[in-house]
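Take a walk through this model, starting from a single residue and moving outward. Keep the sequence and the coordinates side by side.

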Amino acid sequence: PGGTSVQTPSAGPSVATPAAPANASTASIQDEDVAAFASGAIIVQEPFPDIPNNASWLLRGPYEQQYNWAVSGTNNSVVIELPERSLVKQVEFDTMMAGDAAKDVTVEISDTSAKDGFAKLADVSLQERVDNQVFPVSAQVPGRWIRLNVKSSYSRNDVGINRFRARGTRLTSTPFPNVSGTYTTNFGFGDVHISQEGSSVVGCYPT
């Protein structure tokens, strides 16, 4: 005898996973800011190194947020030497406190030197007076030197950026050199004596 046929219910409507925003973070929680001054990164090339608002402010922490890099004119470049050869996954900018914020910036990296061998990491368009602007890199290229090329600004004559960060991982680990010794200064205090034990450094000068 024929039984009652049972119709299997069809699958419900498919649910699409929303795409990540264009500026979504691609770095993981383990990634560090390899371009931080506190990590050993330094500015090795900039247009006006002797001005009070020089490019060193780009690499400082949020505790000095009231200061920023500010120069006259666009088409300026800044080169940052990282403490180690690194793989950068995303770049970040703050412009909240910049009076004349930079707008279009190209970020490059070199594994050759501070002057040659640069490859593009990202072309970014910054918002005015906004912190924590995050941009994934277009290609993960290892390197030791990062160059910021400012192409335009929200001001006709000036350009400013509060902070720059490069999230990624170090590919090398160079032992920190011992800096113990006596150093001559131009501050009128005489010689400064430095003593290092491991990662601890103390110093004093004659009084």
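In which strand does S195 lie? The model is a predicted one, and in it S195 belongs to strand β12, which covers residues 192-197. Is S195 buried, partly exposed or exposed? Its relative accessibility is 34%, so S195 counts as partly exposed. The bounds behind that label are 20% and 50%.

Now look at what surrounds this serine. Set aside the neighbours within four places in sequence, and S195 is in contact with S180, S200, V201 and V202. N178 makes a useful distance check. The C-alpha atoms of S195 and N178 are 8.7 Å apart, with the two positions 17 residues apart in sequence numbering.

Step back to the whole chain. The protein has 13 strands and zero helices. Read from the N terminus, the order of elements is β-β-β-β-β-β-β-β-β-β-β-β-β. There are 207 residues, and 36% of them count as buried. Contacts reach far along the sequence. Take those between residues at least 6 apart: 71% of them join residues at least 24 apart. The exposed area of the protein is about 12200 Å². Carbon and sulfur atoms supply 53% of that area.

Next come the aromatic rings. A pair of rings is described by the distance between centres and the angle between planes. The count of aromatic pairs in this model is three. One of them is F93 with F135: the centres lie 6.3 Å apart and the planes meet at 70°, so this pair is edge-to-face. The cut-off for that label is an angle over 60 degrees. F93 sits in strand β4 (residues 76-94) and F135 in strand β7 (residues 133-136), so the pair ties together parts 42 residues apart in sequence. Both F93 and F135 are buried. F164 joins them, and F93, F135 and F164 make one aromatic cluster.

Two other phenylalanines have an arginine over the ring face. R60 lies over F37, 4.9 Å from the ring centre. R147 lies over F118, at 4.0 Å from the ring centre.

F37 also leads to the surface. Which residues form a nonpolar patch with F37? They are I42 and V44, and the patch has about 240 Å² of accessible area in total. V44 is placed in strand β2, residues 42-45. With 36% relative accessibility, V44 counts as partly exposed.

Charged pairs come last. How many salt bridges does a search of the whole structure find? The search finds 10. One of them joins E81 and R144, whose closest N and O atoms are 3.9 Å apart. The limit for a salt bridge is 4 Å. E81 is in strand β4 and R144 in strand β8 (residues 142-150), so this bridge ties together parts 63 residues apart in sequence. E81 is partly exposed at 23% relative accessibility. R144 is also partly exposed, with a relative accessible area of 25%.

Strand β4 also holds a partner of another bridge. The side chains of R85 and D111 meet with an N to O distance of 2.9 Å. R85 is in strand β4, while D111 is in the loop between β5 (104-110) and β6 (118-125). The two are 26 residues apart, and the pair links distant parts of the chain. R85 is partly exposed, with a relative accessible area of 31%. D111 counts as partly exposed too, at 36% relative accessibility.

A further bridge pairs K151 with D123, at 4.0 Å from N to O. K151 lies in the loop between β8 and β9 (158-161), and D123 lies in strand β6. This pair, 28 residues apart, again links distant parts of the chain. K151 is partly exposed, with a relative accessible area of 47%. For D123 the relative accessible area is 47%, and D123 is partly exposed. Beyond such pairs there is a network: salt bridges that share partners join E92, D94, R165 and R167.

Notes:
Residues are numbered from 1 along each chain as its sequence is written. This is a predicted model: local features need pLDDT of at least 70, side-chain atom pairs count only at pLDDT 80 or more; totals for chains, interfaces and linings use all residues. Side-chain values use heavy atoms; hydrogens and water are left out. Rings of Phe, Tyr and Trp (its six-membered ring) pair if their centres lie within 6.5 Å; planes under 30 degrees apart count as stacked, over 60 as edge-to-face and the rest as tilted. Helices (H or I, at least four residues) and strands (E, at least two) are DSSP runs, numbered from the N terminus. Buried means under 20% relative accessible area, exposed over 50%, partly exposed in between (1.4 Å probe, protein chains only). A charge sits over a ring if NZ of Lys or CZ of Arg is within 6 Å of the ring centre and within 35 degrees of the ring normal. Patches are made of residues with over 30% relative accessible area and no salt bridge: like charges are joined within 9 Å, nonpolar side chains (Val, Leu, Ile, Met, Phe, Trp, Tyr) within 5 Å. Accessible areas come from the Shrake-Rupley method with a 1.4 Å probe; for residues, only the protein chains shown count as cover. Contact means heavy atoms within 4.5 Å.
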